[in-house]
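Let's take a walk through a protein together, step by step. Keep the picture in view and look up each spot as we get to it.

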Amino acid sequence: MTPQPGSTPVIPGFWSDPTVCRVGDDYYLANSSFEYFPAGPVHHSTDLVGWRQVGNVADRRSQLDLRGAAPSSGVFGATLRHHDGRFWFITTDMATIDQGLLIFTAEHAAGPWSEPVRVPGLHGIDPDLAWDQDGTCYLSWCRFEPGVTRGIWQVRVRPATGQVLTDPVLLWTGTGMRDPEGPHLYPIGDRWYLLIAEGGTGRGHAVSVARSDRPDGPFEPGPANPVLTHRSTDHPVQGVGHGDLVQTPEGAWAIVYHGVRPAGAFPEFHVLGRETFLATVTWDDAGWPTVVEPDLSARVPAPATRRFVDRFREPALAARWVTPAADLSRARVRPEGGVSLTAHGGDSTSSAGALVVRVSDLGWQVRVETETTAEDEVRLLLRLDDTHWYGIETRAGRVRVLGRAGPFTQVFADRETGPGPSASTLWLRAVPGPPGLDPTGGPDEIVLGTAGPTGDVELARIDGRYLSTEVAGGFTGRTVGVQALAGAPVLRAFEYTPTL
C-alpha cells in the first residue's frame, strides 16, 4: 500500500516545533525540548530529508537550569536563524517566563553556544527573529499578559544585548481559531509574510499566513487559510502545524512542521509526541503560498538506519542522551567504557534523573546490559512524563516490572534472580496493535523482560495507552533509558532496534 502523502516524518519521534534555516547548501533544524536537558536539539541536513543530530543549544547548567522542571515545561517553541555570520536561537524557558525571552548565539550550529541574553519585559512563547536589509531586528512572539489581546505581537530589539527599542505592536490575531502562536516572519520579494500556528496544538492544529508591505504591518490574511491542516480528516497524521519556511539554493521553497500519528481505538492515542514533517511550498500568481505534501517514504532513511548500539567508549555522551528535570552530572562515562549512574534519591516512583533517548519508531526494542552490586538498584524505563512510565528493575536478587499512571503504581511481575553482584540484560519492546475495529484496543503493547540462560524471558505485557498524550496530557513523547534507584549501577551497553 502506498503511504498517504504527508504520512512519513523526516525526523520521527519527539521532535516538536521544528524551526529551520539554510546556510549555503546546508540546512539546520532545531526543536523544542521542554523539561529535557540538554535542551534545544539541533539537526543538520544537506537535502531536507535525511537529518543527523549535531548538538544541543543549552548543554551547560549555566545556560539553563532545568532541575525540578515540571513535565512539559522548560524550553518551548523557538526560532533558529543565521544572520551576519552567526546562528541565533531564541526561545522561552517556562520556569522563568516572567523574566523575559532567551537568545543564544553560536558560530557553528553544533556549538558551543553562548550564555543566553535575556530580553526583559516580553512575556509569552514562540519568539521569532527577523532582520530587514538595514539590519533592523524584529522580535515577534505570542504574548501572554493579563488584559492584553492574545495574538502575535512585535518589538524591535538589539539581539546582541536584548535591549527592547520600541513598544509592542499587535501584528495579527489569526483567522479566528484558538491559540494564534508560533510566528515566523520572512522578507520574500517586496513583501513580508507572517506564518503562524493556530487552532490549538491538538487535532485542530493548522498553519495560516498573512502578508504586508512592512514588517510591522498591517497584515492581510491569505485567502486560502489555513494553508496546512488535517483537522476533521482521516489522514493518518493529525495535529499538523507550527510550520517554518526555508528556501533551497535553487530557489524552491519547503516547509517543516510537526504532527502526530495516533493509533488504537477511539479517541486514538499518540505515543511518540509531535514529529517533524516536510512538505513542498509553491506560490500562486497572486503571491500566496500553497503547501503540497509529497510521499517521502522512498527518500527518508529506512527505520533500520536508526538502530544504534552505545557502549559509551567516547569521553562524553552522544548528543542524543538527555535527562528530565535535571542535568547529566549523575551520569559519568568511565574510562574503561560504560556509564556509572548515581541514584537521584527521593521517591522511587519518580523517573527523576533517568538517562534517556527519544523513541523514534512505532515498533522497536531496547536491550541494556547493566552491572550491579548487592547495594545497587537499576531500572530500564519507558517514560512519557514523571507520573506516566513503565519500568523493569533489578535489586538484591530480584527483578520486577512496575507501571505508573498518575497517582497509581502497580507491580506487574516480581521474581527472584539469585543473590550477589550480577551483570544482567534487561529488555523492553513496543508491539503496535493490529489495525481493526476493536473498540477497546490501545496503540501498542509494551513487553518487558530479561535475558535468561536459555533465551529471553517475558515478564509482563502492558497496554501502551497509559503512556500516551491523550492519557497523560502535555506536549512530549516517549523516551527510553536507564535510571539508578540506589547505589551506583553501571550501564555497560544500550541497544535500540526499530522493528517496524
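Before we start, one term: a residue is called buried when its relative accessible area is under 20%, exposed when it is over 50%, and partly exposed in between. Also keep in mind that what you see is a predicted model.

Let's try the term out on D414. At 41% relative accessibility, D414 counts as partly exposed. R398, with 34%, is partly exposed too. These two side chains meet in a salt bridge, with N and O 2.9 Å apart. D414 sits in strand β33 (residues 408-416) and R398 in strand β32 (residues 398-405), so their pairing ties together parts that are 16 residues apart in sequence.

How many salt bridges does a search of the whole structure find? The count is 32. One of them reaches much farther along the chain, so follow it on the picture: D327 is in the loop between β25 (323-324) and β26 (331-333), R61 is in the loop between β5 (52-58) and β6 (79-83), and the pair links parts 266 residues apart in sequence. Here the N to O distance is 2.4 Å. The two partners sit in different surroundings: D327 is buried at 14% relative accessible area, while R61 is partly exposed at 38%.

Now look at D128 and R81. Their closest N and O atoms are 3.7 Å apart, and they form a salt bridge. D128 belongs to strand β10 (residues 124-131) and R81 to strand β6, so this bridge connects parts 47 residues apart in sequence. Are these two buried or exposed? D128 is buried, with a relative accessible area of 0%, and R81 is buried as well, at 11%. Salt bridges can also share partners, and in that way D59, R60 and E115 are joined into one network.

Next, the inside. In soluble globular proteins, nonpolar side chains tend to be buried together. In this model, the largest nonpolar core has 40 residues. Which residues have the most contacts inside it? They are W364, L380, V480 and F494. Strand β30 (residues 377-385) gives this core its largest share, four residues. A second, separate core has 23 residues, including I125, W172, V356 and L381.

It's worth zooming in on F494. Leaving out residues up to four places away in sequence, F494 touches a whole list of others, among them F308, F312, W321, V357 and V480. Its contacts aren't just nonpolar residues, though: D310 and R367 are also on the list.

What about empty space? The largest pocket has a volume of about 860 Å³. It is lined by 36 residues, and P262, A263, G264, G433 and P435 lie nearest its centre. Three strands, β34 (422-432), β35 (444-452) and β36 (455-463), each supply at least two residues of that lining. The lining is a mix: 16 nonpolar, eleven polar and nine charged residues.

There are also spaces that are closed off. The count comes to three cavities of 30 Å³ or more, and the largest has a volume of about 90 Å³. Of the 15 residues lining this largest cavity, R330, L341, G353, A354 and L355 are the closest to its centre. Its lining divides into eight nonpolar, five polar and two charged residues.

Last stop: some oddities of the backbone. Most residues other than glycine have a negative phi, and most peptide bonds are trans. Against that background, the peptide bond from G217 to P218 is cis, with omega near 5°. You'll find P218 in the loop between β17 (206-212) and β18 (220-221). The bond from F266 to P267 is also cis, with omega near 10°, and P267 lies in the loop between β21 (253-260) and β22 (275-283).

Stay in that loop for a moment, since E268 lies between β21 and β22 as well. E268 has a positive phi of about 70° although it is not a glycine, and it is partly exposed at 30% relative accessibility. D17, in the segment before β1 (19-23), also has a positive phi, about 50°, without being a glycine. At 5% relative accessibility, D17 counts as buried.

Technical notes:
Residues are numbered from 1 along each chain as its sequence is written. This is a predicted model: local features need pLDDT of at least 70, side-chain atom pairs count only at pLDDT 80 or more; totals for chains, interfaces and linings use all residues. Side-chain values use heavy atoms; hydrogens and water are left out. On a 1 Å grid over the protein atoms alone, a cavity is a set of points where a 1.4 Å probe fits but cannot get out, and a pocket is an open set with protein on both sides within 12 Å along at least five of seven lines; lining residues have an atom within 4 Å of a point. Grid points are joined across faces, edges and corners, and a volume is the space filled by probe spheres set on the points. A nonpolar core is a set of buried Ala, Val, Leu, Ile, Met, Phe, Trp, Tyr and Cys residues joined through side-chain atoms within 4.5 Å. Buried means under 20% relative accessible area, exposed over 50%, partly exposed in between (1.4 Å probe, protein chains only). Contact means heavy atoms within 4.5 Å. A salt bridge is a side-chain nitrogen of Lys or Arg within 4 Å of a carboxyl oxygen of Asp or Glu.
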